[in-house]
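Me: I have some questions about how the terms are applied here. Can you take them one by one?

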Amino acid sequence: MANSKYEYVKSFEEEDEVMLPNLIVVRIEGRDFRRFSDDHKFERPNDEKALDLMNSCAAAVLEEYPDIVFSYGFMDEYSFVLKKKSKFYKRRASKILSVVVSLFTSVYVTKWKDYFPQMELTLAPSFQSRIITCASMEVVQAYLVWRQNNCHVQNQYNTCLWMLIKSGKNEREAEEVLKGTGKQEKNELLFKQFGINYKKLPPMFRQGSCVLRRVKRLKTEVEYIVVHSGNIASRSFWSGHSFLMKELGGFEEDINKVKPEYLKSFVFERKLMPSTWIVVRIDGRHFHGFSEVHEFEKPNDEQALNLMNSCAVAVIEEFEDVVFSYGVSDEFSFVLKKDSQFHERHASGIVSVIVSFFSSKYVMNWKDFFPQKELKKPPSFDGRAVCYPSTEILRDYLAWRQVDCHINNQYNTCFWMLVKSGKSKSEAQDYLKGTRAQEKNELLAQQFGIDYQTLPVMFRQGSSVFWDKEDPTERYSDERDGKCRKKVVVEHCNIIEQSFWKAHPSILDEKH
Ligand code: GTP
Ligand code: MG
């Protein structure tokens with residue numbers, strides 16, 4: 001397809017391939033899950049149903065992405081280990097961490113009612129994710145030891161804390177009692193004060209859960225099993241699962257201490273360049289198939305686009321640093337203000353929470369836009385973050401996306417009109433090969449009596465989502481503090497030309 005003069009903006013995208021022989025681990029963890037679990041009345045310190053839901057999401061992730069061969073989780077976190085020489089998404093860190101967290105989240109929302117039939121989902125759950133690069137299996141082993149140890153420490157602490165709270169202390173007092181206590185003391189406190197033998201508590205709470213893929217006896221089907229093992233990083237556990245040995249290899253010796261320099265690498269995160277506009281672009285994964293399964297209208301399904309827009313509105317309302325967004329087809333770009341300190345500018349944090357929250361909303365809002373259609377499979381989105389150093393380049397980026405919208409929409413409109421008029425898909429493709437914009441418009445006008453310019457503006461120009469301009473005549477005041485409130489609007493307008501930005505100077509105002 002034709003190149004536009006804006007294509008140069010692609011050169012700002014950074015390479016983030018995890019090189020071989022490194023192994024790739026993805027960890028996801030709940031965002032603001034304390035609030036989420038409070039609002040949904042999760043049992044303390046462990047809610048078995050919530051943990052079962054997490055495990056079933058992990059199983060769905062393993063099922064969808066065969067490159068993931070092992071997973072381990074507890075509380076609101078889950079780690080996924082990819083097979084040794086995986087070529088998943090060309091080993092691009094951002095794509096991998098985003099599609100994993102996106103699918104996990106949309107399955108979480110989809111399956112919610114199976115685990116909590118009486119409890120309506122009132123907040124959109126979201127997770128953040130990151131990649132942990134492991135230079136060898138020894139490092140993967142250390143990582144797993146670290147996570148399982150964390151499960152143990154946190155669970156023991158939380159069990160004590162909630163027993164103290166249930167016995168009448170407030171949270172602060174309970175924290176005070178536990179300050180500086182060791183493992184042994186906590187076990188004694190549980191036993192003496194509450195008659196609880198910590199070791200007899202359910203293994204899922206104390207040891208966490210592994211979801212594993214297992215080939216059934218007939219070897220034609222696979223199944224996903226949940227196991228709770230005392231030491232997931234031991235040689236004996238590993239060698240008991242031949243496929244783990246095959247895909248990842250074994251451990252040389254058992255370890256129980258993690259080297260501090262390894263810990264440092266587990267928590268390391270790349271920061272985006274300061275004082276630059278950050279754009280997070282998300283894109284539906286395999287939406288070609290997704291739109292077929294859900295019988296979206298071709299080439300544009302108005303409701304599907306409105307659903308995407310509703311999720312973008314939710315993102316702008318949720319994340320105050322997002323100042324503008326532009327969407328077309330199955331993609332959306334979110335612009336974060338230049339001096340944003342969101343997630344300390346960690347690329348993985350920023351990308352993952354936006355993609356996860358968007359996915360969550362997509363599933364939650366589905367019924368509002370498709371009341372007659374069932375959501376047949378959970379959607380997922382990939383994401384990336386790119387920095388643009390000046391407002392001019394940022395605007396060229398947005399222009400690039402809008403030109404792309406125009407080119408694709410014009411092509412797709414012609415293509416589907418030709419197909420609907422009886423041509424096969426390959427005939428339609430050949431027919432359009434090498435045609436220019438003008439010729440396509442003529443084709444539409446002459447053969448189908450369509451004036452391209454009269455097609456719905458959302459199809460031709462995409463959707464821009466932003467806080468409305470502070471026009472005093474449109475303001476309405478907030479009764480509580482007398483301040484002006486703004487609202488998020490969805491408009492379909494030309495964002496390539498100056499006029500839009502002149503009419504909305506506050507959007508890209510750097511002094512914001
Ligand atoms: P990846 O993004 O690489 O995972 O593949 P993809 O299948 O999502 O393709 P891509 O993102 O390049 O293109 C988006 C695809 O989504 C289009 O080719 C369409 O098939 C589909 N799609 C998006 N919006 C609509 C719509 O409104 N109606 C219909 N029928 N299809 C749509
Ligand atoms: Mg896509």
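Reply: Start with pairing. Two strands pair if DSSP finds at least two bridges between them. This is a predicted model. In it, R214 stands opposite E223 in β6.

Me: What makes β5 and β6 a pair?

Reply: Count the bridges. At least two are needed. Strand β5, residues 209-215, and β6 have 6 bridges, in the antiparallel sense. The condition is met, so they pair.

Me: Why are β4 and β6 called edge strands?

Reply: Look at the strand order, β4-β1-β3-β2-β5-β6. This is an open sheet of 6 strands with antiparallel pairing. β4 pairs on one side only, and so does β6 (222-227). Neighbouring strands are turned by 20° against each other on average, direction ignored.

Me: What holds paired strands together in general?

Reply: Strands of a sheet pair through backbone hydrogen bonds, either parallel or antiparallel.

Me: Which strands does α3 touch when it packs on the sheet?

Reply: α3 touches β1 (23-30), β3 (77-82) and β4. A contact needs C-beta atoms, placed from the backbone, within 7 Å. The direction of α3 makes about 140° with that of β4. Angles run from 0 to 180 degrees between N-to-C directions.

Me: How do you know which residues belong to each domain?

Reply: The bounds come from an automatic or database domain assignment. It gives domain 1 as 18-144 + 209-267, and domain 2 as 277-503. Their C-alpha centres lie 32 Å apart. The contact takes 23 residues from domain 1 and 25 residues from domain 2.

Me: Which elements give two or more residues to the side of domain 1 that touches domain 2?

Reply: They are α3 (93-115) and β4 (127-134). α3 gives the most, with 13 residues. By class, this side of domain 1 has 11 nonpolar, 9 polar and 3 charged residues.

Me: What makes a residue part of the shell around ligand 1, and how many surround it?

Reply: The C-beta atom, placed from the backbone, must lie within 6 Å of the molecule. For ligand 1, 16 residues surround it. The closest are F287, H288, S291, F296 and D301.

Me: Which elements supply at least two residues of that shell?

Reply: β7 (277-284), α11 (287-293) and α12 (302-318) each do. The largest share, 3 residues, comes from α11.

Me: How many residues of each class does the shell around ligand 1 have?

Reply: The shell has 4 nonpolar, 6 polar and 6 charged residues. Asp counts as charged, so D301, one of the closest residues, falls in the charged class.

Notes: Residues numbered from 1 in each chain as written. Chains lettered and ligands numbered in written order. Predicted model: local features only at pLDDT ≥ 70, side-chain atom pairs only at ≥ 80, totals over all residues. Contact = placed C-beta atoms within 7 Å. Helix = DSSP H or I, 4+ residues; strand = E, 2+ residues; numbered from the N terminus.
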